[in-house]
Amino acid sequence: MKKISVIILICSLFLLDLVIKFLVSNYLTTITVIDNFFSLTYVLNDGAAFSILASQTFMIILITLLCLAFVIYELKKNLNDRVETIAYSFILSGLLGNFVDRLIDGYVIDYLSFKVFNYNYPVFNLADILIVLGVIIMLIKEIGGIIHANRSERK
């Protein structure tokens, strides 16, 4: 992929995340979208996923900086691979979205709340979705590569 396309993708997703979080923080309390399943709920999260490392902002920022460095390195290295470029762009956008929140406010704004089989899943945001999607894309690509290599060996 062309560098400019990658930069536009990353900036667009990052800005979308920031705009949504701004709107949520200024206008949302709780809105039930689908009763007993999905709601929009304004939550401040000072931890990482599933509130791991709650109130450990410095540690989370340090880990995020390491992840950002790794993802940027991998993204630059793999610009010729469209799938990896998209996956790393999603991950980078999500990392940046949550990183900026944490750096400025000390917490992340979450707002997507699901209840599945009477379990209240931890509230999350677009940045979290982007990170998970990027990782899933990479896993599928890697598993596909392993399957392809195994089939080629047998021939």
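Visitor: Which residues do ring pairs link into a cluster?

Guide: In this predicted model, the cluster joined by ring pairs consists of Phe37, Phe38, Phe114, Tyr119, Tyr121 and Phe124.

Visitor: How many aromatic pairs does the rule give?

Guide: The count comes to 5 aromatic pairs.

Visitor: What makes Phe38 and Phe114 a stacked pair?

Guide: Their ring centres are 4.6 Å apart and the planes meet at 25 degrees. Pairing needs centres within 6.5 Å and stacking needs planes under 30 degrees apart, so the label applies. Phe38 belongs to strand β2 (residues 38-45) and Phe114 to strand β3 (residues 108-116), 76 residues apart, and the pair links distant parts of the chain.

Visitor: Why is Phe38 called buried?

Guide: Phe38 has a relative accessible area of 16%. Buried means under 20%, so Phe38 is buried.

Visitor: Why does Phe114 count as partly exposed?

Guide: The relative accessibility of Phe114 is 23%. That value lies between the 20% limit for buried and the 50% limit for exposed, so Phe114 is partly exposed.

Visitor: How do you know that Phe114 and Phe124 are stacked?

Guide: The distance is 5.9 Å centre to centre, with 15 degrees between the planes. The limits are within 6.5 Å and under 30 degrees, therefore this pair is stacked. Phe124 sits in the loop between β4 (119-120) and α4 (126-154), 10 residues apart from Phe114 in strand β3.

Visitor: Why is Phe124 classed as buried?

Guide: Phe124 has 16% relative accessibility. The cut-off is under 20%, so Phe124 counts as buried.

Methods:
Residues are numbered from 1 along each chain as its sequence is written. This is a predicted model: local features need pLDDT of at least 70, side-chain atom pairs count only at pLDDT 80 or more; totals for chains, interfaces and linings use all residues. Side-chain values use heavy atoms; hydrogens and water are left out. Rings of Phe, Tyr and Trp (its six-membered ring) pair if their centres lie within 6.5 Å; planes under 30 degrees apart count as stacked, over 60 as edge-to-face and the rest as tilted. Helices (H or I, at least four residues) and strands (E, at least two) are DSSP runs, numbered from the N terminus. Buried means under 20% relative accessible area, exposed over 50%, partly exposed in between (1.4 Å probe, protein chains only).
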